[in-house]
Amino acid sequence: MSREFDRFLGQVCPGLDLEWRKYRRKGARKRVDGRIRELGLAGYDEYQEYLQANPEEAERLPGLMVVTVSRFFRDRACWEELIRLLSCL
């Protein structure tokens, strides 16, 4: 499944001027797969055809691909620095 998704990205993203290698695969694939199910399509090939036929969907794809990562809440050093700064007040 991951190879299929990478193949899909390699075919679709260059035509949309997107750098497909920068996206986090697992999260992006989950969101794209959800969109494919939402549209009632059979898979990446049908979604690629859909993207070509529907420019508004092509505009939506980058938003599906972006997976936000909040390192602040997981990064102990950030919390320690915040405590240090607050203790100076």
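1. Phe 5, Phe 8, Tyr 44 and Tyr 47 come together as one aromatic cluster. The model discussed here is a predicted one. Across the structure there are 4 aromatic pairs. In one of these, the ring centres of Phe 5 and Tyr 44 lie 5.6 Å apart with the planes at 50°, so this pair is classed as tilted. Phe 5 belongs to helix α1 (residues 2–12) and Tyr 44 to helix α3 (residues 44–53); with these positions 39 residues apart, the pair links distant parts of the chain. Phe 5 and Tyr 44 are both buried.

2. A second point concerns Glu 57, a residue of helix α4 (residues 55–65). Glu 57 counts as buried because its relative accessibility is 3%, below the 20% limit for that class. The Glu 57 side chain makes a polar contact of 2.7 Å with the side chain of Arg 35. Another polar contact, also given as 2.7 Å, joins the side chain of Glu 57 to that of Tyr 47, a member of the aromatic cluster described above. When neighbours within four places in sequence are set aside, the residues in contact with Glu 57 are Arg 35, Leu 39, Tyr 47, Tyr 50, Leu 51 and Leu 64.

3. On the surface, Trp 79, Leu 82, Leu 86 and Leu 89 make a nonpolar patch of about 430 Å². Leu 82 is located in helix α5 (residues 76–87). With a relative accessibility of 31%, Leu 82 counts as partly exposed; patch residues must have over 30% relative accessible area.

Technical notes:
Residues numbered from 1 in each chain as written. Predicted model: local features only at pLDDT ≥ 70, side-chain atom pairs only at ≥ 80, totals over all residues. Heavy atoms only, no water. Patch = residues over 30% accessible without salt bridge, like charges linked within 9 Å, V, L, I, M, F, W, Y side chains within 5 Å. Areas by Shrake-Rupley, 256 points an atom, 1.4 Å probe, with all protein chains shown as cover. Salt bridge = Lys/Arg side-chain N within 4 Å of Asp/Glu carboxyl O. Helix = DSSP H or I, 4+ residues; strand = E, 2+ residues; numbered from the N terminus. Buried < 20%, exposed > 50% of the residue type's maximum accessible area, 1.4 Å probe, protein only. Phe/Tyr/Trp six-rings, centres within 6.5 Å; stacked < 30°, edge-to-face > 60°. Polar contact = N/O pair within 3.5 Å; in protein donor to acceptor, adjacent residues only side chain to side chain. Contact = heavy atoms within 4.5 Å.
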